[in-house]
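Reader: I should like a close account of one part of this model, with every geometric term tied to its cut-off. Please choose a region where strands and helices can be discussed together, and then place it in the rest of the chain.

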Amino acid sequence: MNTDPKVLIVTSAFGDGHLKVAEAIDHSFKRRGISRIVTLDLFAAVYPTLNELSRRFYLNSTGYTQEFYGLVYKLTSKMNPDQFMGRWIHSMGKRKVQRIIDEIGPDIIIHTFPYLAAAELASTKGRRIPLFTVMTDYVVHGRWLHPQTTKYFIATESMKAELMSLGIAEEKLVVSGIPIREAFEQTQEREALLRKHGLDGNRHYLLLAAGAYGVLSDINHLIMRVLQLSNFDVMVLCGNNHKLQMATEELFQENPRVHIRGYTEEMQELMCISSCLLTKAGGITLTEAMALALPVIVYRPLPGQEAGNAEWLSEHNLIEIARDEEQLVEQLQRLEHLGYRDEKVQDMKNFSRKSAADVIVTEALEVIKLRQPSVTAVKSMVVEGQAKTIHGYY
């Protein structure tokens, strides 16, 4: 058996979540003693200029461009990989992807982002590398689908039913849940965390996460509304938006109920301290919150997969959606009641799936065992993606 296979994880900085899923899978492989793991932002490597322009477009997006993105997302949601649009999208940069794959020489490829040029290569070149796809949302979109995919790892049984209705064989579908980092699946002692972060154990905290680049809108106005109409103190995460952080600190520096931070690697600790999370609707952020049984309000979800995530989870009574300030205030006031919070906490505990990354790695190693019994082990290789993250919860 191949004791140290080489794994290529294809990810992207279009949303912090794809990178975090790749990180969770990487760590699970390493816990099994697998060292040759290449994590690559493949689209950035193939199209660096287009990738950066797309990022800037997203970061500077207005209401109109958000609506345009939502329209494009909807129009491509039923995209068929065997038809012209699907073949064209999946063929973008195919020759350069071929050179990259030949250079890396992976035994298996795992996609945490739907840039599937490697799968299209399998169609035209007859390549035998097993291809896994890890969907990072709670809704199905056609860009994730390709007939050369060996297995799909998905969040829910309803996604499995939908994919089977599209003609994907049941044996290709594994309801693993969405992978998250190990820290979010561990219990931590709240009192110790409160002391570490200098917070009062007698207060209840609303964690307001603006996104990795502070893209949640109307932050300071939202803070004022929360302070005026609820008893929550507010922990504000401004991400990498230093301008937002400075403006918020200037406005609330004298208010003891407001605690402001920039980008943090201690999100799991802040979630454990908090009584509620107010955020955008990234699939990974929501999965992490459910793993920690932290009630969530999604405020004005963006069109596209974020709205899809929020709507599916809301329909299953797992999160709340606030589409305007009045709804936000109503939901905050409900969450101030312990009984209502406890009900949400229990629903989240019942839904959450643990160890999704380990499920994926187990399947991957089994496929490698069956298809490629032995290769010579060499030193590990890790390639970081070029682009910075666009958004997430930090």
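**A parallel sheet and its surroundings**

Author: The order β9-β8-β7-β10-β11-β12 describes an open sheet of six strands with parallel pairing. β9 (258-261) and β12 (320-322) are the edge strands, each paired on one side only. Direction ignored, neighbouring strands of this sheet are turned on average by 20 degrees against each other. The model is predicted: local features need pLDDT of at least 70, side-chain atom pairs count only at pLDDT 80 or more, and totals for chains, interfaces and linings use all residues. Residues are numbered from 1 along each chain as its sequence is written, and side-chain values use heavy atoms, with hydrogens and water left out.

The terms used above are defined as follows. Strands (E, at least two residues) and helices (H or I, at least four) are DSSP runs numbered from the N terminus. Two strands pair if DSSP finds at least two bridges between them. Angles run from 0 to 180 degrees between N-to-C directions, and axes are lines fitted to C-alpha atoms, for helices over the stretch in contact.

At one end of the sheet, strand β8 (residues 233-237) and β9 run parallel and are joined by four bridges. There, valine 236 stands opposite isoleucine 260 of β9. Helix α10 lies across β7 (205-209), β8, β9 and β11 (296-299), and runs at about 165 degrees to β8. Helix α15 (residues 325-335) also packs on the sheet, where it touches β7, β10 (276-279), β11 and β12, and its direction makes about 145 degrees with that of β12. Contact here means heavy atoms within 4.5 Å.

Further along the sheet, β10 and β11 pair in the parallel sense over three bridges. The bridge partner of leucine 278 in β11 is isoleucine 297. In a regular strand, side chains alternate between the two faces of the sheet. In β11, Val296 and Val298 point one way while Ile297 and Tyr299 point the other way, and all are buried. Buried means under 20% relative accessible area, exposed over 50%, and partly exposed in between (1.4 Å probe, protein chains only).

Helix α10 also has a helical partner. The axes of α10 (residues 219-229) and helix α11 (residues 242-252) come within 10 Å and cross at roughly 35 degrees. The passage of α10 by α11 is a right-handed crossing. From α10, Ile219, Asn220, Ile223, Met224 and Leu227 make the contact, and from α11, Leu244, Ala247, Thr248, Leu251 and Phe252. Sorted by class, this contact has eight nonpolar residues, two polar and no charged ones. In this scheme Ala, Val, Leu, Ile, Met, Phe, Trp, Tyr, Cys and Pro count as nonpolar, Asp, Glu, Lys and Arg as charged, and the others, Gly among them, as polar. A crossing is right-handed if the near helix is turned clockwise from the far one by less than a right angle, and left-handed if anticlockwise.

The cores come next. In soluble globular proteins, nonpolar side chains tend to be buried together. A nonpolar core is a set of buried Ala, Val, Leu, Ile, Met, Phe, Trp, Tyr and Cys residues joined through side-chain atoms within 4.5 Å. In the largest one, of 71 residues, those with the most contacts inside the core are Ile25, Phe29, Met271, Leu277 and Ile319. Helix α17 (residues 356-371) supplies the largest share of this core, seven residues. If neighbours within four places in sequence are set aside, isoleucine 319 is in contact with Leu286, Val296, Val298, Ala310, Leu313, Ser314, Lys344 and Met348. Apart from this core lies another of 24 residues, which include Ala210, Val226, Val258 and Cys276.

α17 also leads to the rest of the chain, since its course is across β3, β4, β5 and β6, at about 170 degrees to β4. Those strands belong to an open sheet of six strands, ordered β2-β1-β3-β4-β5-β6 with parallel pairing. Its edge strands, each paired on one side only, are β2 (37-41) and β6. Helix α1 (residues 16-31) lies across β1 (7-11), β2, β3 (108-111) and β4, and runs at about 165 degrees to β1.

Taken as a whole, the chain has 17 helices and twelve strands. Of its 394 residues, 57% count as buried. Among contacts with a separation of 6 or more, 70% come from residues 24 or more positions apart.
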